[in-house]
2 protein chains.
Amino acid sequence: MTKPLFNKIALIGIGLIGGSIALAARRGGLANKIVAATRSEETAATANRLKLVDHCGTDLAAACQDADLVIVCTPVGACGEAARVIAPSLKPGCIVSDVGSVKQAVVDAMQPHLPAGVHFVPAHPVAGTENSGPEAGFAELFDGRWTILTPLPDSDPAAVDKLDAFWKGLGSLTDRLDPAGHDRILAITSHLPHLIAYTIVGTADDLAGHLNSEVLRFAAGGFRDFTRIAASDPTMWRDVFLNNREAVLEVLARFQEDLFYLQRAIRWGEGDKLFDLFTRTREIRRALIHLNQA
Amino acid sequence: MTKPLFNKIALIGIGLIGGSIALAARRGGLANKIVAATRSEETAATANRLKLVDHCGTDLAAACQDADLVIVCTPVGACGEAARVIAPSLKPGCIVSDVGSVKQAVVDAMQPHLPAGVHFVPAHPVAGTENSGPEAGFAELFDGRWTILTPLPDSDPAAVDKLDAFWKGLGSLTDRLDPAGHDRILAITSHLPHLIAYTIVGTADDLAGHLNSEVLRFAAGGFRDFTRIAASDPTMWRDVFLNNREAVLEVLARFQEDLFYLQRAIRWGEGDKLFDLFTRTREIRRALIHLNQA
Ligand SMILES: NC(=O)c1ccc[n+]([C@@H]2O[C@H](COP(=O)([O-])OP(=O)(O)OC[C@H]3O[C@@H](n4cnc5c(N)ncnc54)[C@H](OP(=O)(O)O)[C@@H]3O)[C@@H](O)[C@H]2O)c1
Ligand SMILES: NC(=O)c1ccc[n+]([C@@H]2O[C@H](COP(=O)([O-])OP(=O)(O)OC[C@H]3O[C@@H](n4cnc5c(N)ncnc54)[C@H](OP(=O)(O)O)[C@@H]3O)[C@@H](O)[C@H]2O)c1
């Protein structure tokens, strides 16, 4: 047996992502010991019942004692406070990371709390489902999906490489971006689609009142997919939008422009404009399938 | 063996929907003979090679000779011309229907051509995929999904009931609405979601140029679903938007309003407004799951 990458891993927060990391890390034999700590007794009890980790408690600082890798797996808005609480118990040389869907705001919130001698390497696994909580975790979540590491200019290269190896061990493909670049890209590929799905399901629900709820019953393909996306965790997504405001507002403005263009084409019966866009988007799907990310 | 519902069925157009009707009708033993006619030699050859029907040609009128049920399965914009071409060969008492995603415009386009003595009963199976063409058809497409019949005030009740029984025989649940009511409901549950998906994938593609195409590679859950929807057939969807203009523009205006409300909440950091909507939409998903339409 080869030596595991880490002796002890501590996960702060153990929902969909934390739970999946625990299961995938065990599957890959990446640590001798995996512990977790979460906010509520209830979630801790569930994590222990499901045996996601060796032990899950509610004392965040205690869980981090002697850990070689600490990953904060809470909603983005809770990362700063988590860093503040665990900071005193981080051992020198420990790698601290996170999984937040937004990176610059998390860096700004966590970094000031972290002591010198600790290696901070933020990361984001671009993989998820609409489910949340410890029961939602599964070992295969990251298989074949991308995880983006967003090291800081002064991140220790050896620590970055080690975290990279860890994510590969979880089944992920890995790449590196700077935090702000990450946030611009995810604003369009993930944050905006979620905002739109939430909006349209809300609009439909309002109309359903007027239309005697028949709207829901005749949910066609498109709408069904939107309702699934719009069933994602409210806290997580509120935090994403509040913490990636500028990038989301910018892509939203572009989207609005493009939508008005199509709205005008519909009003004036300009079928060619619709047909041209609909043909182009078809190609994009083919490209995604080609990249194995469809 | 019970007697099939119809002796001869003719399908005008044999792509995803026509092909699936043919396969499901055979599975259900709903006709003694099923023929089809389509615009191109190529599609006819494919339909014959796949044995979707007893025979597929390119002479629309000839296919309808002696048919007891004729279903026009072309894009919405081609339904009127198809009705004009087949009208002279429709036998008295024949039921004529369609599968268009828009109903009022199809009624307006087809009805003037149809001779007296023929029973016109428009319908729309609310079931589909992003694939098109005869290879895309499969017998299970309609199982457990709704088909909406939109009979006209003077539709013969016996003909409506017979078409209803036919769709149940294809595996579908059935209901009835007036054409304009259908168009308003589908505008929000199907047409708007498709328009939005096309738009956002186009916006992302434009941004991908600026962002060195990394956008595509890091396509997360939300965006992947949108690309699938935005891979739907350009002709079909152009026709839907051109033929359901008023209803689509109306729901689009509501959607824009709701989106601006969220945009403003993001700009001003009003997390509660986001959280409230995101919680409400989660319930809608649960309701859909409850209705077995998730
Ligand atoms: N879901 C996705 O698709 C996805 C994908 C990629 C990245 N992410 C990111 O992953 C992170 C976690 O998401 P998730 O889906 O795993 O969420 P989740 O299933 O809801 O789990 C969240 C965990 O964080 C804990 N937590 C919540 N608020 C907290 C607070 N104020 N202080 C301390 N702990 C708190 C929860 O504890 P209790 O249950 O004990 O309250 C729970 O253990 C988020 O930053 C999200 O942006 C999510
Ligand atoms: N796709 C869905 O998800 C869905 C769901 C419910 C209802 N519908 C409705 O079903 C209908 C057909 O959709 P589909 O997905 O089956 O389309 P499809 O797979 O593209 O098939 C269309 C068929 O119509 C023929 N056609 C196209 N243009 C024609 C024209 N100008 N004149 C004569 N025939 C023509 C095609 O013939 P050639 O190939 O020979 O040119 C082909 O046989 C549309 O009205 C659509 O609104 C679609």
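The following is a working chat about a predicted model with two chains and two ligands.

Colleague: Shall we begin with ligand 2? How many residues surround ligand 2, and which are the closest?
Modeller: The shell around ligand 2 consists of 25 residues. The closest are B:Thr38, B:Thr43, B:Thr74, B:Ser101 and B:Gly133.

Colleague: What is the make-up of that shell around ligand 2 by class?
Modeller: The shell around ligand 2 has 13 polar, 11 nonpolar and 1 charged residues.

Colleague: Which atoms of B:Leu16 and B:Thr38 face an oxygen atom of ligand 2?
Modeller: For B:Leu16, a backbone N or O atom lies 2.8 Å from an oxygen atom of ligand 2. For B:Thr38, a polar side-chain atom lies 2.7 Å from an oxygen atom of the ligand. In addition, the side chain of B:Ser40 has an N or O atom 2.8 Å from an oxygen atom of ligand 2.

Colleague: And what share of ligand 2 does the protein bury?
Modeller: The protein buries 86% of the 900 Å² that ligand 2 exposes when taken alone.

Colleague: Which elements give two or more residues to the shell around ligand 2?
Modeller: They are helix H1 (16-27) and strand S7 (123-125), both of chain B.

Colleague: Turning to ligand 1, which residues come nearest?
Modeller: Among the 25 residues around ligand 1, the nearest are A:Thr38, A:Thr43, A:Thr74, A:Ser101 and A:Gly133. By class, the shell around ligand 1 comprises 11 nonpolar, 13 polar and 1 charged residues. Helix H1 (16-27) and strand S7 (123-125) of chain A each contribute at least two residues to the shell.

Colleague: Where do polar atoms of A:Ile14, A:Arg39 and A:Gly133 lie relative to ligand 1?
Modeller: A polar backbone atom of A:Gly133 is 2.7 Å from an oxygen atom of ligand 1. The corresponding distance is 2.8 Å for a polar backbone atom of A:Ile14. In A:Arg39, an N or O atom of the side chain is 2.9 Å from an oxygen atom of the ligand. Taken alone, ligand 1 exposes 890 Å², of which the protein buries 86%.

Colleague: What turn and shift lay chain A on chain B?
Modeller: A turn of 180° with a shift of 0.0 Å along the axis lays chain A on chain B, with an RMSD of 0.0 Å. That is the relation of a two-fold axis. The C-alpha of chain A nearest the axis belongs to A:Asp225, at 3.5 Å.

Colleague: Why do the copies meet through the same surface?
Modeller: Because 100% of the interface residues of chain A are also interface residues in chain B.

Colleague: A change of topic: how many aromatic pairs does the structure hold?
Modeller: There are 13 aromatic pairs over all chains. One of them joins A:Phe6 and A:Phe166 in an edge-to-face arrangement, 5.8 Å centre to centre and with 75° between the planes.

Colleague: Which parts of the chain does that pair link?
Modeller: The pair links distant parts of the chain, 160 residues apart. A:Phe6 belongs to strand S1 (residues 6-12) of chain A, and A:Phe166 belongs to helix H6 (residues 157-169) of chain A.

Definitions and conventions:
Residues numbered from 1 in each chain as written. Predicted model: local features only at pLDDT ≥ 70, side-chain atom pairs only at ≥ 80, totals over all residues. Heavy atoms only, no water. Near = heavy atom within 4 Å. Polar contact = N/O pair within 3.5 Å; in protein donor to acceptor, adjacent residues only side chain to side chain. Areas by Shrake-Rupley, 256 points an atom, 1.4 Å probe, with all protein chains shown as cover. Helix = DSSP H or I, 4+ residues; strand = E, 2+ residues; numbered from the N terminus. Nonpolar A, V, L, I, M, F, W, Y, C, P; charged D, E, K, R; others polar. Least-squares fit on C-alpha atoms with pLDDT ≥ 70 in both. Contact = heavy atoms within 4.5 Å. Phe/Tyr/Trp six-rings, centres within 6.5 Å; stacked < 30°, edge-to-face > 60°.
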